[in-house]
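Grab a coffee and work through a few short exercises on the model shown here. Try each task yourself before reading the solution.

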Amino acid sequence: QVQLVDTGGGLVQAGGSLRLSCAASGRTLSSLNMGWFRQVPGQEREFVASIRWNSIATDYGDSVKGRFTISRDNAKNTLYLQMNSLKPEDTAVYYCAAANLKYARFGFTTVAGYEYWGQGTQVTVSS
């Protein structure tokens, strides 16, 4: 079992930056694919970014490409999301997620592709 704890959210002005972290316990992350999603109340959870277990590939949602960067430090058992040039429409609760490699058949950009979730961290971008 994997426990994920998301931190780093907060209030920032448009154009600013934040870095989210996701610390894992219970198991090493080195063999897990990982991702970030976000959700606004009343809407479905939206894919933000994903990274393979060995960092060989990443994916980004269209709305964050060129602004957000996903990375991982397997030695620290931590996943990161660097968010730059933030916009008010980036306001949401951000969740990190992890999955064993067998979930890859569901895709890296879908909620179904992940089995472990963090509790979420609120990001609010003011205009």
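**Exercise 1.** Find where Arg67 sits, and decide whether Arg67 is buried or exposed.

*Solution.* Keep in mind that you're looking at a predicted model. Start with the chain: Arg67 lies in the loop that runs between strand S6 (58-60) and S7. Next, check the accessibility: the relative accessible area of Arg67 is 10%. The cut-off for buried is under 20%, so Arg67 counts as buried. Now look at the side chain: one of its polar atoms is 2.8 Å from the backbone oxygen of Ser63. Finally, skip the neighbours within four places in sequence, and you'll find Arg67 in contact with residues including Gln82, Met83 and Asp90.

**Exercise 2.** Follow that contact to Met83 and work out its setting.

*Solution.* Met83 belongs to strand S8. Its relative accessibility is 0%, so Met83 is buried. Beyond four places in sequence, its contacts include Arg67, Phe68, Leu20, Tyr94 and Val123. Gln43, 40 residues away from Met83 in sequence, is 21 Å away in space, C-alpha to C-alpha.

**Exercise 3.** Place S8 in its sheet, and say which strands stand at the edges and why one side of each has no neighbour.

*Solution.* Write down the order first: S1-S3-S8-S7, an open sheet of 4 strands with antiparallel pairing. Strands S1 (3-7) and S7 (68-73) are at the edges; each has a single partner strand, so one side of each lacks a neighbour in the sheet. On average, neighbouring strands here are turned by 15 degrees against each other, direction ignored. Now zoom in on S8 (residues 78-83): this strand pairs with S3 (residues 18-25) over 6 bridges, in the antiparallel sense. For a concrete bridge, take Arg19, whose partner in S8 is Gln82.

Methods:
Residues are numbered from 1 along each chain as its sequence is written. This is a predicted model: local features need pLDDT of at least 70, side-chain atom pairs count only at pLDDT 80 or more; totals for chains, interfaces and linings use all residues. Side-chain values use heavy atoms; hydrogens and water are left out. Two strands pair if DSSP finds at least two bridges between them. Helices (H or I, at least four residues) and strands (E, at least two) are DSSP runs, numbered from the N terminus. Axes are lines fitted to C-alpha atoms, for helices over the stretch in contact, and angles run from 0 to 180 degrees between N-to-C directions. Buried means under 20% relative accessible area, exposed over 50%, partly exposed in between (1.4 Å probe, protein chains only). A polar contact is a pair of N or O atoms within 3.5 Å; within protein, one must be able to donate a hydrogen and the other to accept it, and residues adjacent in sequence count only if both atoms are side-chain atoms. Contact means heavy atoms within 4.5 Å.
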